[in-house]
Amino acid sequence: MPTYLDHAATTPIRPEVLIAFTTALSSVGNPSSVHKFGQEVRNHLEAARESLARSTGANRSEIIFTSGGTESDNLAIKGLYWQRSWADAERKVIITAATEHHGVLDPIYWLADNQGAEVEIVPVDSRGVFDLGWLETYLAENAHRVALISLMWINNETGVIAEMQTITALAKKYEIPVHSDAVAAFGHIPIDFASSGLAALSISAHKIGGPVGTGALIVGRSVKLTSLVHGGGQERGMRSGTMDAAGAQAFALAAELALRELPGEAARISALSEVLVGQILRIAPDAVLSRGDANGLAATVHFTFPGCSADSMIFLLDAAGVSVSAGSACTAGVNRPSHVLLAMGRTEDEATGALRITLGYTSTRADVDRFLEAFPSVHSAAKKAGLPSK
Ligand SMILES: Cc1ncc(COP(=O)(O)O)c(C=O)c1O
């Protein structure tokens with residue numbers, strides 16, 4: 001069996017979740033129908049909403065089921081921008097960071113290209129940490145022009161953790177809504193929407209052992225969003241379309257299991273991560289841990305290896321039965337230097353040598369050992385091959 005160390009790309013569906021999901025898929029009934037079949041499915045859907053609300057510290061009415069993180073990000077960003085800029089034509093500015101996932105960056109730049117939005121970028125340091133002093137100064141002078149802030153909770157490539165409470169406290173002074181992409185955070189750290197100060201928060205099922213194609217946007221009760229999709233008015237009118245009750249049940253169960261295991265898992269994963277980091281630095285002393293000494297998620301081990309190409313390392317590791325990635329899952333099979341690393345001030349050559357090893361609930365010491373067995377020869381072969389010619 002090949003060793004899977006790419007949990008940040010997607011996590012294997014949990015066996016209990018698979019059973020619950022396939023069982024739910026065989027139930028017939030549209031949750032909006034008034035007959036028994038419909039009402040039974042509706043009851044299951046609402047129980048899943050209640051459960052996911054408990055897992056996220058939200059109110060049940062704040063859970064809007066979607067098709068995943070990308071849709072949730074789009075709904076939050078476009079929905080908030082339209083509400084705010086239509087209510088006040090001066091509010092055109094969206095504040096974000098260049099290290100965000102494309103699920104956040106692309107809708108923002110789409111709004112800039114097509115809807116008159118202005119983008120302001122929070123600088124990050126070489127570890128990927130947001131410069132909140134910049135944010136404070138910017139808001140003090142320009143808050144009246146800001147439509148929203150969107151900053152991720154944990155970076156999916158480097159694992160760096162943001163000071164979300166400080167961000168929302170700064171925005172609160174000016175009543176600016178903050179959205180956070182918590183796709184890489186939920187299930188790994190406790191999330192309490194009620195005390196987070198956020199207006200909206202994106203999560204996705206397949207990152208925590210649920211099925212691909214299910215997610216949620218948590219939207220504060222007093223927050224108004226313009227919907228992307230118009231139709232039957234489901235999900236508080238924010239996301240029309242027949243609700244995916246089976247996906248919602250699977251997502252809620254995956255969240256419940258991940259959170260129940262979290263205290264024990266955090267310690268177990270931390271220990272595995274420590275071995276990985278220590279041994280990688282022994283094998284390749286010139287390797288650079290991307291988030292440096294910043295507060296980060298142990299499950300995400302992200303290094304750059306000077307003079308090596310990620311493509312060579314990934315290919316050779318794959319041949320040795322170990323699956324890792326360069327950063328976020330590549331587009332159309334082509335790895336490009338990560339925009340996250342470039343935003344952190346790394347050169348293209350440095351970013352070319354990035355490897356992300358991500359642990360999850362199935363990861364064992366044997367997986368780590370298998371990686372560490374294969375890595376010395378992979379690293380020296382990649383070093384010998386050098387960087388691809390431009
Ligand atoms: C931080 C982050 N945001 C958004 C997404 C997109 O989520 P989904 O695959 O559910 O659309 C991902 C997935 O890679 C992610 O890591």
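**Exercise 1. The two domains.** What distance, taken over C-alpha atoms, separates the centres of domain 1 and domain 2?

*Solution.* The structure is a predicted model, in which local features need pLDDT of at least 70, side-chain atom pairs count only at pLDDT 80 or more, and totals for chains, interfaces and linings use all residues. Residues are numbered from 1 along each chain as its sequence is written, and side-chain values use heavy atoms, with hydrogens and water left out.

Step 1. The domain assignment gives domain 1 (3–10 + 261–385) and domain 2 (15–256); such bounds come from an automatic or database domain assignment.

Step 2. The centres of domain 1 and domain 2 are 28 Å apart.

Step 3. To the contact (heavy atoms within 4.5 Å), domain 1 contributes 24 residues and domain 2 contributes 28 residues.

**Exercise 2. The interface.** Describe the area and the polar links between domain 1 and domain 2.

*Solution.* Step 1. About 2100 Å² is buried between domain 1 and domain 2, and carbon and sulfur atoms give 57% of this area. Buried area is the accessible area (1.4 Å probe) that two parts lose on being put together, summed over both.

Step 2. Of the area that domain 1 buries against domain 2, L297, H339 and M344 supply 26%, more than any other three residues.

Step 3. One salt bridge is counted between the two domains; the term denotes a side-chain nitrogen of Lys or Arg within 4 Å of a carboxyl oxygen of Asp or Glu.

**Exercise 3. The nonpolar core.** Identify the main members of the largest nonpolar core and their origin.

*Solution.* Step 1. A nonpolar core is a set of buried Ala, Val, Leu, Ile, Met, Phe, Trp, Tyr and Cys residues joined through side-chain atoms within 4.5 Å. Buried means under 20% relative accessible area, exposed over 50%, and partly exposed in between (1.4 Å probe, protein chains only).

Step 2. The largest core has 95 residues, of which F130, I149, W153, I280, F305, F371 and F375 touch the most other members.

Step 3. Helix α8 (residues 245–283) gives this core its largest share, 14 residues. Helices (H or I, at least four residues) and strands (E, at least two) are DSSP runs, numbered from the N terminus.

Step 4. Domain 1 and domain 2 each provide at least three residues of this core.

**Exercise 4. V146.** Is V146 buried or exposed?

*Solution.* Step 1. V146 lies in strand β5 (residues 146–150).

Step 2. V146 counts as buried because its relative accessibility is 0%.

Step 3. Beyond its neighbours within four places in sequence, V146 contacts residues including R84, R91 and I176.
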